[in-house]
Amino acid sequence: MFVTRLISGIVLVILATATLYFGGAVTCGVTLFISLVGVFELMRVYDLHKKAPAGAAYLATVGYYALLFFDKTEFVLPCFIGFLLILLAIYVITYPTFRDHEIMAAFTSFFYVSVMLSYVYLLREMENGGYMVILIFVCSWGNDTLAYCAGVLFGKHKMSPKLSPKKSIEGLIGGILGAGILGAIFGIIYNSQVKELSNAWLIFGIIGALGAVPAVIGDLAASAIKRNNDIKDYGKLIPGHGGIMDRFDSMIFTAPIIYYLVNYMI
């Protein structure tokens, strides 16, 4: 199991590096694919993945990414409104086929996965985005790894015993501080390799620490959905890790936060 997980992790890192290196259409296309799979996995939790609300969510995802790629962001909000109206039309036309919470689940799946994850692409397209996008991985995967290490070494107080018994408050603090330290190191490298930025180590350190907080929330939120619906993993796409939602749960929440922190602080 460990070997499978390790190999899958290495492959993921290689694919992520290549995807973000090329940027543009490649990053947009891969992020779109990941979003579609994530929406599919979330819709499958509610047994909607082959039904009309899910189909509308898939089409909305494709349309939304097309607007981003062709820089038609002025149509994004109308896209959201149109998608909601389509879902409500499905609801009333097919009544009583779908329950109200199923319609809301379709809208939430689109926003939760497709919209939130799209900030990976948006951050990559910024000035020096090839470097900035690394912060997402620093705050999500870096926080996850360091939180695990801190929890193993110092963990005594359970953070959420019913939801995630193995996570501790010490691990939470260690992950946030660790992400902050990694962010500061990134700032030093950025300052020497990319461009001069006053107090870069401090700015990126703060971004790293703040970005780690939503990573924890994203991880726990995905776990809560699984527990509420009695499932172990969202899928089997990534051997040893589960599905897209199992591996990218923290990144989904981190990406938009990092995007806005970078915009406002740099």
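In the predicted model, a search of the whole structure identifies five salt bridges, among them three that connect separated parts of the chain. Aspartate 246 pairs with lysine 226, with 2.9 Å between the closest N and O atoms; aspartate 246 belongs to helix α10 and lysine 226 to helix α9, the two lying 20 residues apart, and both residues are buried.

Helix α10 (residues 244-247) also contributes arginine 247, which is joined to aspartate 144 of helix α7 (residues 134-154), so that parts 103 residues apart in sequence are tied together. The closest N and O atoms of this salt bridge are 3.8 Å apart. Arginine 247 is buried, at a relative accessible area of 13%, whereas aspartate 144, at 31%, is partly exposed.

A further salt bridge, with an N to O distance of 4.0 Å, is formed by the side chains of glutamate 127 and lysine 195. Glutamate 127 is located in the loop between α5 and α6, and lysine 195, 68 residues away, in the loop between α8 and α9. Here glutamate 127 is exposed, with a relative accessible area of 61%, while lysine 195 is partly exposed at 34%.

Helices α4 (residues 76-93) and α5 (residues 100-124) pack with their axes 9 Å apart and at an angle of about 155°; because angles over 145 degrees count as roughly antiparallel, the two helices are assigned to that class. Their crossing is right-handed. Residues making the contact include Phe80, Phe83 and Tyr91 of α4 together with Asp100, Phe107, Phe110 and Phe111 of α5, and the contact as a whole comprises 13 nonpolar residues, one charged residue and no polar ones.

How values were computed: Residues are numbered from 1 along each chain as its sequence is written. This is a predicted model: local features need pLDDT of at least 70, side-chain atom pairs count only at pLDDT 80 or more; totals for chains, interfaces and linings use all residues. Side-chain values use heavy atoms; hydrogens and water are left out. Axes are lines fitted to C-alpha atoms, for helices over the stretch in contact, and angles run from 0 to 180 degrees between N-to-C directions. Helices (H or I, at least four residues) and strands (E, at least two) are DSSP runs, numbered from the N terminus. Angles under 35 degrees count as roughly parallel, over 145 as roughly antiparallel, 65 to 115 as roughly perpendicular and the rest as oblique. A crossing is left-handed if the near helix is turned anticlockwise from the far one by less than a right angle, and right-handed if clockwise. Contact means heavy atoms within 4.5 Å. Ala, Val, Leu, Ile, Met, Phe, Trp, Tyr, Cys and Pro count as nonpolar, Asp, Glu, Lys and Arg as charged, and the others, Gly among them, as polar. Buried means under 20% relative accessible area, exposed over 50%, partly exposed in between (1.4 Å probe, protein chains only).
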